[in-house]
Amino acid sequence: MKERNPSGESPEKKAAGIAAADLVKDGMVVGLGTGSTTAYTIAELGRRVADGLNIIAVVTSYQSEMLAIEAGITLTSLAEHPELDLAIDGADQVDAALNVIKGGGAAHTREKVVSRSAKRFVIVADEGKVSEGMDHFVPIEVLPYAKELVSKQIRELGGEPVLRLASKKDGPVISDNGNFIIDGKFGFIEDPAEMSFILSQLTGVVEHGIFTNVDEVYIGKKDGSVEITKK
Ligand code: 5RP
């Protein structure tokens, strides 16, 4: 169980999310990630925009779009700005080599597109996300039509496929792209880059949540400090 203060805030996520806002400079085109940690970054950038910071942003989900609009951040698209100065996003697990697993919010496909479009990709996370190696399940976005085929291929790789459900009553989680999410449980992932390559080859897979392109990680601690690690 993660420690939270009575207001529902996470001091670790808040510290990391706000610290990374310092990287955003006047005139930048910024990619905004999805999740509760990035929400702190978006809110902080909104405060800075109100104080005169001049930026435009590309979002990674309807969730971050709503937050950015609420924060008063001007939005653009990858069609208009295919190259971003910086992307900031959250993570579900970060290993010692700065490989990351993402997709807890089912947004990893757009998050990967945005991160790959950015000159610099920065992760913000609480210290609970840090791990020596990778053993988190891998969120895999799949074409609904290919759900059984992808599940079979995951089993053939020795993994256990679990279709992500919104609830038993509501059925599968639907991504912003209209697809399903299968969480692939592979246990310890010895070589994240190799696993990333293998999963990318599976028929019916739109995108998986292993990211090997992180430049820098901001880890928020319980005492409010932030540890920054660069690749
Ligand atoms: C969404 C993500 C999130 O960034 C990840 O799940 C971390 O979320 P949070 O900051 O709420 O812990 O990958 O697809």
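These points describe the ligand site and two sheets of a predicted model.

1. Where the ligand lies. The ligand sits in the largest pocket. Two elements each give two or more residues to the shell around the ligand, namely α2 (36-50) and α4 (108-116).

2. Which residues surround the ligand. There are 18 residues around the ligand, and those that come nearest are Thr34, Ser36, Thr37, Asp92 and Lys129. By residue class, the shell is made up of 9 polar, 6 charged and 3 nonpolar residues.

3. Polar contacts from the backbone. Thr34, one of the residues that come nearest, places a backbone N or O atom 2.7 Å from an oxygen atom of the ligand. Gly103 also takes part through its backbone: a polar atom there is 2.8 Å from an oxygen atom of the ligand.

4. A polar contact from a side chain. For Lys102, an N or O atom of the side chain lies 2.9 Å from an oxygen atom of the ligand. The ligand on its own would expose 380 Å², of which the protein buries 91%.

5. The sheet of 3 strands. This sheet is open, its strand order is β5-β6-β14, and the pairing is antiparallel. The edges are formed by β5 (93-94) and β14 (210-211); each has a single partner strand, so one side of each has no neighbour in the sheet.

6. How β6 meets β14. Strand β6 covers residues 100-101 and runs antiparallel to β14, with 2 bridges joining the two. In one of these pairings, Ile101 has Ile210 of β14 as its bridge partner.

7. The sheet of 7 strands. A further open sheet has 7 strands in the order β3-β2-β1-β4-β7-β15-β16, and here the pairing is mixed. Its edge strands are β3 (74-75) and β16 (226-230); because each pairs with a single strand, one side of each is left without a neighbour in the sheet.

8. How β4 meets β7. Within the order of the 7 strands, β4 stands next to β7. Strand β4 (residues 86-89) and strand β7 (residues 121-126) run parallel and are joined by 3 bridges. Ile88 has Val122 in β7 as its bridge partner.

9. Points to check in the structure. For the ligand, a reader can start from the backbone of Thr34 and the side chain of Lys102. For the sheets, the pair Ile101 and Ile210 marks the join between β6 and β14, and the pair Ile88 and Val122 marks the join between β4 and β7.

Terms used. Residues are numbered from 1 along each chain as its sequence is written. This is a predicted model: local features need pLDDT of at least 70, side-chain atom pairs count only at pLDDT 80 or more; totals for chains, interfaces and linings use all residues. Side-chain values use heavy atoms; hydrogens and water are left out. A residue is near a molecule or strand if one of its heavy atoms lies within 4 Å of it. A polar contact is a pair of N or O atoms within 3.5 Å; within protein, one must be able to donate a hydrogen and the other to accept it, and residues adjacent in sequence count only if both atoms are side-chain atoms. Accessible areas come from the Shrake-Rupley method with a 1.4 Å probe; for residues, only the protein chains shown count as cover. On a 1 Å grid over the protein atoms alone, a cavity is a set of points where a 1.4 Å probe fits but cannot get out, and a pocket is an open set with protein on both sides within 12 Å along at least five of seven lines; lining residues have an atom within 4 Å of a point. A molecule sits in a cavity or pocket if more than half of its atoms lie within 2 Å of its grid points. Helices (H or I, at least four residues) and strands (E, at least two) are DSSP runs, numbered from the N terminus. Ala, Val, Leu, Ile, Met, Phe, Trp, Tyr, Cys and Pro count as nonpolar, Asp, Glu, Lys and Arg as charged, and the others, Gly among them, as polar. Two strands pair if DSSP finds at least two bridges between them.
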